[in-house]
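Colleague: I am new to this structure. Please choose a single part of it, take a close look, and describe how that part is built and what surrounds it.

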Amino acid sequence: MTSLPPDGNAGRLARPLELAERFVLCTVFGDASAAQAYVAREIMSAAKSIASPVVVHYAQELPTEVPVAARGTRTIVILDYSDGSSGGTCAATNELTVLNRRRDTLRENEDLSLVIVLPLRGRVLFANEAPDLWSIRSSTVVLPPPSFSTQTLQQLREWTQRSRAAFEAKVEVRPGAHERYRHGIYSFAYQLDVRDSAYPLERLRETMWQVQGWTGWPPWWVPSNNNVPYSADPGTLECWMLAGEEMFPDPAHSDFWRASVSGRSYLLRGYEEDSNPDRLEPGTRLSRSLPIWRTGEALNHAAQMAEKLSANASPIYFIARWEGIRGRRMISWPSHNDYLRTSEGTEAAQAQVESSVLTDREEIKLALPRVVERLARPLYDAFLEEPDITFIETHIDKMRTNPAR
């Protein structure tokens, strides 16, 4: 059991509770015993840091009335549905529906912090049954299941670093390659819990070939020209779309990817915003909508690979990283009619952003916009932007029905 969750980019549960100046909603998903221990530890940590008095109420079912403490006293209510003792999924569904209707009343209590604890599979339930309540949450923490160890997460991060090092080594010796990526890159990596670690490389390549993308240039595309994937390390396929014949010699089509029979995959590419110098000055802008498209399709790739290689409901640990964003501004591009905002946004002060989620193929299939929202939120935060879920859903739907499919 890892001491910090791999999901929930607010970091620890204690942090939003410590900073709360008005109503706060936090969500925690995980195995019952792990989630209960984690919440107890974080609540204790937050209580020590909050200046005002703190009253904590634990409950396994929805109170008729939210407890009200003296003015100036912080009230933290923990609703724990993680072990199903209050009637299982049906009871949790009913109570989430009631809470969804009461969201505005709850928000009126500025001294209230609400923590809702659900099983891992409750993420889809929450997002679908209480969408308005979900939209006002301050943080989401997803704890890894017992089978998904700290070592697994560390191994993915180490493998991602090795993949990046392999890319950097190639760029150093390839004339002109550094120029292709100099304005910035973004990358995705994920880990599956594979059934068969002795999967042959040729079968892995064929499996990747069968994955259906939604756009004309899908992630982890398996080309059949001079850029065909090759065996870089034992059990690892590697592909760099800068060698041999180049169909599109620009950052957005200069993919470098790796895939391992152990269930790990890594993808790096340049920005589309840097690939159209006649329309945008490279290194100065970032689209509001394209991160949604690219993140959504990468998650879809992970879900399809999980369906082919993993046991049912096996976890998927997914990491996203955006580099070279300092000095850029978000704009509505390539579509100029995004209702989110038509003007240029705030210039990013951060050089890079990293984010991670713990999910599974069912959640990606049934609630992809919600997973994209969790994963991409830190990127939009860097630009002081906050796309609502409708904006994300609209672009996911556009991607799914894209004619280039």
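Modeller: Two strands are said to pair if DSSP finds at least two bridges between them. The model is predicted, and the part chosen here is an open sheet of seven strands. With antiparallel pairing, its strands follow the order E7-E8-E9-E10-E6-E12-E14. Strand E7 (230–233) and strand E14 (352–360) are at the edges; each has a single partner strand, so one side of each has no neighbour in the sheet. On average, and with direction ignored, neighbouring strands of this sheet are turned by 20° against each other.

One pair can serve as an example. Strand E8 (residues 236–240) and strand E9 (residues 256–260) are joined by five bridges in the antiparallel sense. Across this pair, Cys239 stands opposite Trp257 in E9. Helix H10 (residues 290–309) packs on the sheet, where it touches strand E6 (185–192), strand E10 (264–270) and strand E12 (315–323). The direction of H10 makes about 20° with that of E6. Helix H11 (residues 361–382) lies across E12 and E14, and runs at about 160° to E14.

Next come the nonpolar residues. The largest nonpolar core has 55 residues, and Trp257 is among the members that touch the most others, as are Phe188, Leu204, Met208, Phe318, Trp322 and Ile325. With residues up to four places away in sequence left out, Leu204 touches Tyr199, Leu237, Ala259, Ser260, Val261, Met305 and Leu309. Another core, of 30 residues, lies apart from the largest one and includes Leu62, Ile116, Tyr317 and Ile319.

Charged residues come last. Glu323 forms a salt bridge with Arg164, with 2.6 Å between the closest N and O atoms. This pair links distant parts of the chain, since Glu323 is in strand E12 and Arg164 is in helix H7, 159 residues apart. Glu323 has a relative accessible area of 12%, which is under 20%, so this residue counts as buried. Arg164, at 22%, is partly exposed. The side chain of Arg164 also meets that of Glu168 in a salt bridge (2.9 Å, N to O). Arg164 and Glu168 are four residues apart in helix H7 (residues 150–173), a separation of about one helical turn. Glu168 is partly exposed, with a relative accessible area of 32%. These three residues belong to a network of salt bridges that also links Arg157, Arg321 and Glu354.

Note on methods. Residues numbered from 1 in each chain as written. Predicted model: local features only at pLDDT ≥ 70, side-chain atom pairs only at ≥ 80, totals over all residues. Heavy atoms only, no water. Helix = DSSP H or I, 4+ residues; strand = E, 2+ residues; numbered from the N terminus. Axes fitted to C-alpha atoms, helices over the stretch in contact; angles between N-to-C directions. Contact = heavy atoms within 4.5 Å. Core = buried A, V, L, I, M, F, W, Y, C linked by side-chain atoms within 4.5 Å. Buried < 20%, exposed > 50% of the residue type's maximum accessible area, 1.4 Å probe, protein only. Salt bridge = Lys/Arg side-chain N within 4 Å of Asp/Glu carboxyl O.
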